[in-house]
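Colleague: Could you take a close look at chain B for me, and at how it meets its neighbour? I would love one connected walk-through.

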Amino acid sequence: MKHLYKRSAYLLICILWAHLAVAQVGAPTIKSKLNGIVLDATTKQPLPGAVIKIKGTTHSVAADENGKFSFVTGQTFPYTLIVSFIGFVQQEVTANGSPIEIHLKENLSELNEIVVTGYSSQERKYIASSISSVSGSVVQDQPSGGFNQLLQGKATGIQVSSNSGVPGGGITFRVRGNNSINASVDPLYIIDGVFVSNSDPISAGLGNQQASNPIADLNPSDIEDIQILKDANATAIYGSLGANGVIIVTTKRGKRNTSAKINLNTFQGWSTAINKFEVATGPEVALLTNESRINTAIDRGENPSTVVLPFPNPENEPTYDRISGLFRTARTSNYEVSTQGGTDKSTYYVGLGYLNQESIVKPSDYTRYSARLNYDNYLTDKLKIGTSLNFTRSNRNLSGSDNNPQGVINSALFPRSYLPIFKEDGTYARYGSFDNHLALIENLDNKAVGWRTIGNIYGEYLIVPGLKLRSSWSLDNSSEYDNSYSSTLISAGIASNGSASSTETKNLVLTNEQVLNFVKSFGEDGKHNINALVGNTINTVLNQSTGATGTGFAANSLRSVSVAATRSGTSSRAESKLLSFFSKVSYTYNGKYTIDGSIRADGSSKFGINKRWGYFPSGGVAWRAGQEDFIKNLHVFDELKVRASLGLSGNQNGIGSYAAQGLWSSGANYLEQPGIAPSQLANPDLTWETTRQFNVGAEFGFFKNRLSIVADYYNKYTYDLLLNVPVPYRSGFASYLQNYGSVRNKGFELGINSTNVATTDFKWTTNFNVSFNNNKIEKLASDISLGASGRNISILRQGYSVNSFQLYKQLYVDPKTGNAVYEDVNKDGLITSADRQIVGNALPKYTGGLTNNLSYKSFDLSFFFYFQQGNKIMNMNDFFMVHGGTQANIGFLPRQLNRWQKEGDITDIPRLTTYSSNPTENGGAANNYGGNVASLSSRYLEDGSFIRLKTLTLGYTLPVEVLKKINISRVRLYAQATNLLTFTNYGGLDPEVSSQSNNQNTAGYDWATVPQPRTFQIGANITF
Amino acid sequence: MKATYIKNTVLIAAIFFLASCKKYLEEVPNNSLPTESSITDVSTARAAIIGTYDRLQGYYASNYPTLGTITADNVIFNGTLSEYLQLDQNAVPTDNVITVAAYQNIYKTVNSANSVITYVPGVTDPLLTAAEKNKILGEAYFIRALSFFDLARGWGGVQLQLKPTTDLTVLKGIKRSTLDQTYDQVLADLVKAEELLPEDGTTRNRAQKSTARALRARLHLYRKQWADAEKYATLVIGNTKYSLVKPYKSFFTAPFQSAESVFELAYSVNDRNSYWNLWYPSSAGGQFTLKPSDALVAKLNNPTIGGTRNALIAGSGATVYGVLYNTTSTSTDPSYLIRIAELYLIRAEARAQQNHLEAAAEDLNAVRKRADVPETGATTQADLIKAIEDENGIEFAFEAHRWFDLVRTERAGVVLGLTNKNYWLFPIPYSDILSDPDVTQNPGY
């Protein structure tokens, strides 16, 4: 690899040298001097950092902190200036003499903004791709770690949900649906040009829950804006990395010639559970247990009067409350300080942040320390170098395996409520498989400390006007250090006399890229616009981990693996490489017609020797019909644009680094001797999973662009899936990774932005967005069922969407017998596993958000609703705790009290029994809770749709006059409520949940999971 | 001039670059061997047979003993995991996790054994002596025999996969054989194994001649070939290396490998077996999924039935638990595959079936005597056979015996109330039914 870097560097130098020679042009002669000032047309405030350029030359300057600028130029008056500033409408002004005052109008429409696309940026109005933009301010000052989580409901084409209420915990983020089955479905995140790793580095097992959101390592307050690249035309330039969409994050940078601005931000939050678990009381559990015993005896043909009741006097049983010991009012604290500014030659942004968040269920918490330095230096007019660096340290207190019998929530929820929490001698009592929840809360010691460095250095050289070469060297280096200790006070440590583990996981992503960019207008009035680029990247991903475990400790205060009685170690290493070449050309004629195309070639070390390279072309067209006279004459549209695109992008993430090779694994040891055994079949033809996407969209602007609408339709077809095709077990293998199968996602997106009122005192804007997605597996080798610890409730089946649930469909509970009757799918008169059917899926039909921002004088108010509709949730808490008596050590949920008791009862909860003979009989007692059905019934599947008032914020900005005296330029105080109101029919604690999120194909489970909290917070933003 | 210079530079760079690309994109793991260089010399040949034992551990550590116990009357479900409830209720769906894992891991073992059988003869390394080669091959034949035997008694006649899977084409056209054909294959492998394996050494953790003979005795018992069963059991019992140890619990007390043991798979702190975790209550750090039934507890506590075998259980009240697997702090319990007590009971049954009642009673009483229970009162052939069945149930209460015994003697209906004979075999995994055109499901599933 070193060789390659050297070689490409050499090549670069050659190219640079050649162009340097061209660029040496004679020095200009002084013809005129120009002084001026740039002001905001509405507020008359100066606009520091605005760029003033003389048309037809490369000469440009930036306005200073007072908005002033001066020119010395070879041009003679009059000449035309092009004045631009981000967020303002670019303006051409004729300079007749000095000084000059220039007024820029604020850009109200998002249609004119500059959009960062793959490897370049372009004005939105000329773009033929489907790209959503979100301002960084949208994701700031929220009680949540990751910006990606906060994009929920803020843009079209994405579906975002938190998997649990654990701070810093995993989230689900999809751009236009699930493209894949076995390869990754997460988008590519690019932060300031760095391809960042999104693989969860935490090694501790959390019962199939994704332990962390790696993107939370980026402090959202550092973000300037976010672009979501959705269609193939936008993502194909990222080739094999782009199929799942690309999220491009640009962080804040200083502006030239601005004085230092210091920002202080803080907020304090208090979170509580919206709902808490409820369980049946001691007497209720006793009553239900007796009833189950009697019914079982009757089913067995025994005389019920001979049954010895386990609880002769159920009403005398005590009730012990475990649930209240579980929850707390969780604190959140956030402090940030940042400064930004710039001189004539350089700009800087420095930000520091601290966030601490407790989970509402003890004892998890999350702390993040973050630091950022962005620096750019204009060495010469032509050469610019710079860097973006992000350092993060994260601390997580993990609560392992909530859905394991020895996890905190299960240990509080499942034990029968008549059983005391403590033994008579005051020590922790434990029952059946379950630990004691208080023992866990007080003694769990599982800490994950992450160190993350994301950074790049770049050089940018303007070869000739319009032609720019950029070289960038990036790294994402993360290390996660997990240490856990199970003391003898918790079940996991009792037998081993204390057990400790220590694991360090290191993920390194190195990326080098060169891009040669060409932007040029030519022809009469610059009618022809070309934006072209060519480039290459070299990408290396290295994952390594080393771990040690030890058991047997002399005392609980000794927690180091090194002092354990027995010790053992593990390690792993995987490296993969990706080599890419790409090019993109976009041509716009007369500001009306755009045609563009791109191609990328990718070679990956992961694939079979025969098919390592993949080629990903795309193309798009856009027509700004609003610029045509016949539309202009309608006087309806300020903007009317239609666009269409088609292209291919690929996916190689989520499969192993050596997935194509035939392997014998080592470590198959016996009797302390080394062993080897076959572990993987070779597939020399393994290659890219490809997504073909067609997109058609329209953008409308009305009422001086105060109302803008963007609508998109897409049809994505992913084929040659990287699929673990099940093979007969007699082969000695379970599956064979091959390119087989296809998935289609199609959908419609609508985004509306409206400036309802815009007076000096009162402003009101509304943003509404909704995204529909329909997912379907079009080709699959055979059904793949999985999920819920081997219960195989989730299924992938041709003709259905991913994340479907496969269950026995309970038709009714027979009012006569009290037994459940299920649909006999194959009509053979029996209930067998063939009678399971797909009864719903975990994917919402649509998701969306409604945001309103209002401001009146110094007050601002905003409220944001998020909604999703049509997804199902498998309520595993119900599954376990409405068990009819089959689970001898588990209590009941109150729902069990609705069971059938006597002839004529109409209910969906069958009669209590543990009888198990004749498991194939439909309407027989065996299948009420056990038997072939074993509770895998649609009885526990619920609708997970909801609408939620996600945030409500009220802010007050202190008057400027007051602040001037104390040298502060701005102070805003605010109060905010998160998850204040939720409207849902879901019967569990919270509908925003996915407990089995480690696997993308097992979505939609609610299983002893920390629910989303309701948070109240107060905060302040201060600018000096 | 300038243009040509650039052109040339780019061209030359591109040539170098493309040449290096191919090499640049080659990555190999540091913890696995490429299939083509898997078995090539003495050390990989040794490692491959070790790997085959490791695969045997894969299904014997917990899945197979569970299939032989919770399905019958000695052990009941007491946990939260549905797959164990399904086995306890004998309502086993085709995707039951335990049956699927056992089936899959057995065939993994078969594939490892097949690889050894196919590739080791071709190793020309002079350091691999003919004797060692034979030993390795003998072990592979033995392990394959055991694997097919375990498949046959669980699933019936199965597909006889006798070649290593190098690619998927080697699978084509192999249908399920009959139970007899499967057992014939087991016998053929055992004959080879006995021939190739060395005479008994000190080990009890690797196959040797007696191990093959002991399994052969069991095979003949399952096939009701009484004389052969008796013959091979006698061969093993006659070997002074093996004896019934006293007290009963000493065979499952660390450091194990007692004289009782004909074949046990050993574990260590670096190669753990945490099966105890399924048996111990949470107050002792376990999950308590598998629990001795009240009926078994009563029998074990009865001095005339259980005797010293009450050492198999501990605790009191609602928390009586099995302690056959008991190395809670180190997780090093062996998998008990063949104990000499089994050979005595095989011979007892074979003799009883041949109506050699006194000799049968003698073997039965040897086992009873070791457990300090009085001699059997059974005198008729039928009573004696019943007494041997009961003895098996107690002697091997938590080992993979009871269920398979009741199925092989066709007594599962009477004893367990499981009258539907279809359920006497486990289902072929659902995934295989979908992916394998050559397989057929067992009836009733």
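Modeller: Happy to! Of the 445 residues in chain B, 58% count as buried. Please keep in mind that this is a predicted model. Chain B holds 17 helices and seven strands, and its C-alpha atoms fill a box of roughly 110 × 50 × 45 Å along the principal axes. If you take the contacts within chain B between residues at least 6 apart in sequence, 67% of them join residues at least 24 apart.

Let us pick out one helix, H6 of chain B, which runs over residues 130-155. Of its 26 residues, 20 are buried, so by the cut-off of 20 or more other C-beta atoms within 10 Å the helix is mostly covered. Its length can be checked too: at 1.5 Å a residue, the 26 residues of H6(B) should span 38 Å, and because the end C-alpha atoms lie 37 Å apart, the two values agree. Just after H6(B) comes B:Gly156, with a positive phi near 90 degrees.

Now to the neighbour. The contact between the chains draws 91 residues from chain A and 86 residues from chain B. On the side of chain A that touches chain B, the elements giving two or more residues are helix H1 (2-23), helix H7 (491-494) and the strands S26 (566-589), S27 (593-604), S30 (663-666) and S31 (676-680) of chain A. By residue class, that side of chain A divides into 43 polar, 37 nonpolar and 11 charged residues.

One of those strands also pairs across the chains: S30(A) and strand S1 of chain B, residues 32-34, run antiparallel and share three bridges. Within this pairing, B:Ser32 in S1(B) is the bridge partner of A:Ser665. As a general reminder, strands of a sheet pair through backbone hydrogen bonds, either parallel or antiparallel.

Since we are on strand pairing, here is a sheet within chain A as well. Five strands form an open sheet in the order S10-S15-S16-S13-S14 (chain A), with mixed pairing. At its edges are S10 (131-135) and S14 (194-196) of chain A, each of which pairs on one side only. Neighbouring strands in this sheet are turned by 25 degrees against each other on average, direction ignored. The edge strand S10(A) pairs with S15(A), residues 223-229, in the antiparallel sense over five bridges. There, A:Ser133 stands opposite A:Gln227 of S15(A).

Conventions: Residues numbered from 1 in each chain as written. Chains lettered and ligands numbered in written order. Predicted model: local features only at pLDDT ≥ 70, side-chain atom pairs only at ≥ 80, totals over all residues. Contact = placed C-beta atoms within 7 Å. Helix = DSSP H or I, 4+ residues; strand = E, 2+ residues; numbered from the N terminus. Nonpolar A, V, L, I, M, F, W, Y, C, P; charged D, E, K, R; others polar. Pairing = 2+ DSSP bridges. Expected span 1.5 Å × (residues − 1). Buried ≥ 20, exposed ≤ 12 C-beta atoms within 10 Å, placed from the backbone. Axes fitted to C-alpha atoms, helices over the stretch in contact; angles between N-to-C directions.
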